[in-house]
Amino acid sequence: MASLSMAPVNIFKHGADEEKAETARMSSFIGAIAIGDLVKSTLGPKGMDKILLGGGREGSVTVTNDGATILKAIGVDNPAAKVLVDMSKVQDDEVGDGTTSVTVLAAELLREAELLIARKIHPQIIISGWRKATQAAREALKEAAVDHGNDMVKFQEDLLNIARTTLSSKLLTHHKDHFSRLAVEAVLRLKGSGNLEAIHVIKKLGGSLTDSYLDEGFLLDKKIGVNQPKRLENVNILIANTGMDTDKIKVFGSRVRVDSTAKVAEIEQAEKEKMKEKVERILKHGINCFINRQLIYNYPEQLFAAAGVMAIEHADFAGVERLALVTGGEITSTFDHPELVKLGHCKLIEEVMIGEDMLIHFSGVDMGEACTIILRGATQQILDEAERSLHDALCVLAQTIKETRTVFGGGCSEMLMAKAVTELANRTPGKEAMAMESFAKALAMLPTIIADNAGYDSADLVAQLRAAHVENKITSGLNMSQGTVGDMAELGVTESFQVKRQMLLSAAEAAEMILRVDNIIKAAPRKRVPDHHPC
């Protein structure tokens, strides 16, 4: 009988790689914890910023403390780290805020899991304990939530507090009252639709952040054509995406030969006639304003001016789409059937000056909730970060209007959930109790990190906070301006229930997914084959 060889058999292609069991688990833990450590210094009202340098020729500079922006910008190779990066993107898309918290919580859960696995506790037992802990934490959060959805005055105060809490950890923290009012006013104009497309944010260099304001209407950062009316009332708008340049011969490589300059003039005349016919078809729609995504050359611009029609060219695609939305029109490419085209309407179009630039202002648009927030600031980096901060606040407020429940911030909700999980662990026999305790420890790490980032004694503060919650002072949280434990209800540190719930569930699911891994298989890289058939 032939003896079996004891040499390991490689079943993978040459170049493929495999990490097994403990090595794979350790690799996942290290990658995920490294991502958590990268962003945790940005957590809380006293969190620090990061500078991100672009790799292109320009070497773009981004200054931010937004977790999702930081994680999007860094290229990660570790698969577990990629899971956390994707999770923060989902948190940003779903609720707009809590991207740093969710990443840090998932990383802390895996840090605790690493210690449990070192004590020979099986991953499936840890996962089972975590699932029960997540359920207990969710129930505790639901019980602590406050709903003022039926009381408009209190609800508006809740919205202002949520906006202030969201902005307190951003660049806009020193002007949070000003920007909170802007954000709440803009979101309340949406009348519960939650369609943030109707809120347009324009960034203009110059002035200071406090010069930013909300404008009721729509602003387009473009110029009106030469010799055309600069102010129109009761406007019918045709929004188009069509070529208004001189028609060129579109066949690749084709040439036209003529035997005299007179023939060139004939071709030019034919092109002019064709363009004139197109402009006449557009004018048959009974419009007094034509907005095109593409260029409008001098000749059609002249024809529009002669007809007393305002023509605006090169409105970027996002601008055209938003304009169609707020004026109630549709983007058109062909003009043969005017009766089928849906025109946009507004009461007044005029030019306004912001800083040193002229912009076109549309007021009295069909979609009454449309508005524009104009951000002013000293540098492009400040404007970009202000826009990201305001976007987070707008997203959270839009979510809160749909789901009106709120919870208290400042580490209050995390400590409340940790207390509920610890009580469950004390009643649970067996190894699952250790997993639940680890879940409670990970939750309690969030207030610890917030206190550390502010330069306070986190051990003392978190011990005081835990004692306050044991005494059933369930609104106690960290007052980061004084470095003490305070009442979050009095301080108005309020957060959206939806953001907190999403943070808890996403972090628990991502940590569970990474904990299940016991093998990482990397595909062999594609070989570079010389191209023998260049086009």
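Two strands pair here if DSSP finds at least two bridges between them, and the strands themselves (E, at least two residues), like the helices (H or I, at least four), are DSSP runs numbered from the N terminus. The model is a predicted one, so local features need pLDDT of at least 70 and side-chain atom pairs count only at pLDDT 80 or more, while totals for chains, interfaces and linings use all residues. Residues are numbered from 1 along each chain as its sequence is written, and side-chain values use heavy atoms, with hydrogens and water left out.

To start with the whole protein, the secondary structure adds up to 16 helices and 19 strands. The C-alpha trace spans about 95 × 80 × 40 Å along its principal axes. Of the 535 residues, 47% are buried, buried meaning under 20% relative accessible area, exposed over 50% and partly exposed in between (1.4 Å probe, protein chains only). Contacts (heavy atoms within 4.5 Å) often bridge long stretches of chain: among those between residues at least 6 apart in sequence, 76% join residues at least 24 apart. The accessible surface comes to about 27,300 Å², and 52% of that belongs to carbon and sulfur atoms; the areas come from the Shrake-Rupley method with a 1.4 Å probe.

Next, a look at the strands. Strands 4, 15 and 18 make an open sheet in the order 4-15-18, with antiparallel pairing. Strand 4 (146-147) and strand 18 (494-496) sit at the edges with a single partner strand each, so one side of each is left without a neighbour in the sheet. Strand 4 meets strand 15 (residues 405-408) over 2 bridges in the antiparallel sense, and Val146 has Thr406 of strand 15 as its bridge partner.

Another antiparallel pair is strand 16 (residues 476-479) with strand 17 (residues 484-487), joined by 4 bridges. Here Gly477 is matched with Gly486 in strand 17. The two strands form a hairpin with 4 residues between them, where Gly483 takes a positive phi near 75°.

Among the helices, helix 13 (residues 432-453) holds Thr448. Thr448 counts as buried because its relative accessibility is 14%. What does the side chain of Thr448 reach at 2.9 Å? That partner is the backbone oxygen of Ala444. Leaving out residues up to four places away in sequence, Thr448 also touches Ser458 and Val462.

Notes
Polar contact = N/O pair within 3.5 Å; in protein donor to acceptor, adjacent residues only side chain to side chain.
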